[in-house]
Amino acid sequence: MLKDAIAKARKALKEAQQKYPVESAAAIEQVYADIKNLNTFINKEVEIIEADKNLNDRAKSNERRKVLEQAGRKLELLKERRIKTALAEELETKLADESGAEDESALKFLREREVRDRLYGMPAAQILSHFGKSLFDGSNRLLLDAILNAPAGFEMLPVETLLRLREVRTRIMKPEIAAELQTTRRLNTAIEQIFWLVKKELDIKRRQELPPSLTTK
């Protein structure tokens, strides 16, 4: 019943197994198994309907549509269970938490203040023009820290830019968490795509079971 969706889910699983560690690819494998089980459920229910001699063609069509609608509700529950929203949020929180990660030495403080003194009076656009690349790739850590650690009220760049730079710094300080978060986001995208394909196929087959008077409007 879900032949096309299963084929595409199988392809996504193979790609995940090539790109990610076994434990990460297992998330796609679980979804693939879910879709196959859902397909088995639909096929069994349809077989029962087709074998019921008390139903005419229109009644059988109505019953098949009910099965497909039930499968759609099951699909939504599977999607809610498999997409790792909570894990992504947990990793994002860990990534944003910079507590205990800063070097509070007096020498570092003085070096950062010296950098800020040299940049004093320079417009934000000029700072980004001269140093934007090294700031956003994290290669100039002293400059990055000097800008982010500027006292309240003496910020050197717009709030939106500072938020982006803070993310750059936390990625440098916590590369393992950043990498795990990136993998989780990519897996969630792949899983969402699989569920979208299944829903699309279910919707098409459900519409095929509607009375002609409804589908021609």
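1. Let's start with how far to trust the picture. The average pLDDT over the chain is 87, and 93% of the residues score at least 70. Keep in mind that this is a predicted model. Confidence is highest in helix H3 (residues 57-82), with a mean of 94, and lowest in helix H10 (residues 212-215), with a mean of 63. When you look at H10, then, remember that mean of 63.

2. Next, the overall make-up. The chain has 10 helices and zero strands. If you walk along the sequence, the pattern reads α-α-α-α-α-α-α-α-α-α. The radius of gyration is 27 Å, whereas the globule rule gives 17 Å for 217 residues, so the chain is more spread out than a compact globule. You can also picture a box: along the principal axes, the C-alpha atoms fill roughly 90 × 40 × 25 Å.

3. Now for the surface and the inside. Of the 217 residues in the chain, 35% are buried. The exposed area comes to about 13,800 Å², and carbon and sulfur atoms supply 52% of that area. Among contacts with a separation of 6 or more, 77% join residues 24 or more positions apart.

4. Which helix is largely enclosed by the rest of the structure? Take a look at helix H7 (residues 141-148): six of its eight residues are buried, so H7 is largely enclosed. The buried ones are Leu143, Leu144, Asp145, Ala146, Ile147 and Leu148. Their cover includes helix H5 (106-119), together with H6 and H8.

5. Two of those covering helices also pack against each other. Helix H6 (residues 124-136) and helix H8 (residues 159-173) have axes 10 Å apart and meet at an angle of about 35°. On the H6 side the contact uses Leu128, Leu135 and Phe136, and on the H8 side Thr161, Arg164, Leu165 and Val168. Sorted by character, the residues of this contact are five nonpolar, one polar and one charged. A handy rule helps when you look along a helix: an α-helix has 3.6 residues a turn, so residues three or four places apart point the same way.

6. Finally, one residue that deserves a closer look. Is aspartate 34 buried or exposed? Aspartate 34 sits in helix H2 (residues 22-51). Its relative accessible area is 9%, and the cut-off for buried is under 20%, so aspartate 34 counts as buried. Leaving aside residues up to four places away in sequence, aspartate 34 touches Leu78 and Arg82. Try finding aspartate 34, Leu78 and Arg82 in the structure and see how they meet.

Technical notes:
Residues are numbered from 1 along each chain as its sequence is written. This is a predicted model: local features need pLDDT of at least 70, side-chain atom pairs count only at pLDDT 80 or more; totals for chains, interfaces and linings use all residues. Side-chain values use heavy atoms; hydrogens and water are left out. Axes are lines fitted to C-alpha atoms, for helices over the stretch in contact, and angles run from 0 to 180 degrees between N-to-C directions. Helices (H or I, at least four residues) and strands (E, at least two) are DSSP runs, numbered from the N terminus. Contact means heavy atoms within 4.5 Å. Ala, Val, Leu, Ile, Met, Phe, Trp, Tyr, Cys and Pro count as nonpolar, Asp, Glu, Lys and Arg as charged, and the others, Gly among them, as polar. The radius of gyration is taken over C-alpha atoms; the globule rule is 2.2 Å times the number of residues to the power 0.38. Buried means under 20% relative accessible area, exposed over 50%, partly exposed in between (1.4 Å probe, protein chains only). Accessible areas come from the Shrake-Rupley method with a 1.4 Å probe; for residues, only the protein chains shown count as cover. pLDDT is the predictor's confidence in each residue, from 0 to 100.
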